[in-house]
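Let's walk through this structure together, one question at a time. Have the sequence and the model open beside you.

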Amino acid sequence: MERKVGTISRGIRCPIIREGDDLVKIVTDSVLEAADSEGFGLRDRDVIAVTESVVARAQGNYASTDHIAKDVRAKLGGGTIGVIFPILSRNRFSICLKGIAKGADKIVLMLSYPSDEVGNELVSVDMMDEAGVNPYSDVLTLEKYRELFGENKHPFTGVDYVQYYSDLIKEAGAEVEVIFANDCRKILGYTKKVLNCDIHTRFRTKKILKACGAEIVCGMDEILVSSIDGSGYNEQYGLLGSNKSTEETIKLFPNECTDLVMDIQKDILERTGKYVEVMVYGDGAFKDPVGKIWELADPCVSPASTPGLEGTPNEVKLKYLADNDFKDLSGEALKEAITKRIKEKKDDLVGDMASQGTTPRKLTDLIGSLCDLTSGSGDKGTPIILVQGYFDNYVS
């Protein structure tokens with residue numbers, strides 16, 4: 001019988017993961033039990049994806065605000081530290097900020113506006129335009145910001161992040177001064193020691209600051225790159241990708257987990273004879289068209305995957321073929337022509353007009369986004385995702 005279903009994404013339930021759990025066994029058992037329960041089978045090139053959160057939890061990759069403070073003080077020397085371009089998030093940044101403030105005497109907090117790097121608004125673009133403010137050049141003090149815009153609460157969380165972050169810093173024992181600017185060089189008028197908290201623009205920010213006379217420039221990706229007094233750490237990303245665990249601790253992005261994905265792949269092969277792909281995923285790389293928030297607050301979508309997930313899609317656009325190459329065909333003749341074209345497509349379609357409009361993104365970014373949307377971030381209880389049929393096409 002001709003197949004009528006393409007890609008399927010399934011959320012797989014599993015036990016609550018604790019530090020030290022055998023994640024390979026839990027993942028493979030959960031997938032196979034779900035397959036037995038729901039009456040489906042595994043196929044070669046299915047994708048098993050595991051959220052980074054449970055990987056880090058199984059690794060015990062946690063750190064406290066005191067660990068953060070000790071590393072910040074060691075790398076930036078205490079005193080007055082400029083903390084620039086943080087995202088506005090209780091989950092992502094608040095506990096990091098508390099630890100940073102504990103490692104300084106004064107924080108000059110420089111917030112980008114009208115929104116942060118991932119789209120959380122401090123003020124609306126319309127409000128900024130009405131005030132006649134140029135975000136590319138104007139530096140606003142806290143007093144000027146309040147005069148122009150008053151109190152602004154995040155539409156989703158109801159939090160005034162300017163007040164919230166200021167209070168966190170003071171409660172941690174440091175002085176605070178808040179300014180608003182989008183040119184990283186402006187912080188150098190306040191302090192020459194800078195902790196830049198931007199995620200995807202961090203390398204450019206560091207380069208500019210160093211070229212313009214900063215004495216010390218340190219990114220969040222350089223804090224907790226090694227263990228501090230037995231803490232967790234992330235050698236590649238430091239504090240980036242971390243999440244709030246408690247009011248005094250964070251869960252870091254998982255440490256090296258290539259062995260994990262390879263071991264899951266091997267276990268599934270031994271138990272089923274099927275050669276699946278496996279990946280660890282975090283935030284999906286997509287933007288909310290209404291809230292204008294870009295979901296990717298992690299430094300990458302996938303910190304580890306099996307080799308079969310390297311590369312980008314190599315697909316032709318069916319509607320392009322139907323409207324152009326085979327515009328005079330219909331019915332079975334059209335189906336046969338498109339089938340033949342797919343079977344004969346080149347291994348690399350870059351520059352081929354028939355591939356225009358397909359998505360030139362990494363496979364792990366595309367599949368990770370699908371997984372993030374499937375699992376959600378709340379109480380669904382499905383930190384494992386099984387994606388089937390992703391690599392199939394019209395002729396499979």
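Below are a few questions and answers about cores, a helix and salt bridges. This is a predicted model, where local features need pLDDT of at least 70, side-chain atom pairs count only at pLDDT 80 or more, and totals for chains, interfaces and linings use all residues. Residues are numbered from 1 along each chain as its sequence is written, and side-chain values use heavy atoms, with hydrogens and water left out.

Q: Which helix gives the most residues to the largest nonpolar core?
A: A nonpolar core is a set of buried Ala, Val, Leu, Ile, Met, Phe, Trp, Tyr and Cys residues joined through side-chain atoms within 4.5 Å; buried means under 20% relative accessible area, exposed over 50%, and partly exposed in between (1.4 Å probe, protein chains only). The largest one holds 52 residues, and Phe93, Ile107, Phe180 and Leu239 touch the most other members. Helices (H or I, at least four residues) and strands (E, at least two) are DSSP runs, numbered from the N terminus. With six residues, the top contributor is α4.

Q: How many residues of α12 are buried?
A: Helix α12 covers residues 363-375. Its buried residues, among them Leu363, Leu366, Ile367 and Cys371, pack against β2, β12, β13 and β14. The helix is mostly covered, and the buried count out of its 13 residues is ten.

Q: Which residue just after α12 takes a positive phi?
A: Look at the position that follows the helix. The phi there is about 65 degrees, and the residue is Gly376.

Q: Which residue forms a salt bridge with Asp71?
A: A salt bridge is a side-chain nitrogen of Lys or Arg within 4 Å of a carboxyl oxygen of Asp or Glu. Asp71 is buried, with a relative accessible area of 6%. Its partner is partly exposed at 31% and sits four residues away in helix α3, so about one helical turn separates the two. The closest N and O atoms are 3.1 Å apart, and the partner is Lys75.

Q: How many residues apart are Glu248 and Lys98?
A: These two form a salt bridge, with the closest N and O atoms 3.6 Å apart. Glu248 is partly exposed at 35%, whereas Lys98 is buried at 13%. Glu248 lies in the loop between β10 and β11 and Lys98 in helix α4, so the pair links distant parts of the chain; the separation in residues is 150.

Technical notes: The expected span of a helix is 1.5 Å times one less than its number of residues. Contact means heavy atoms within 4.5 Å.
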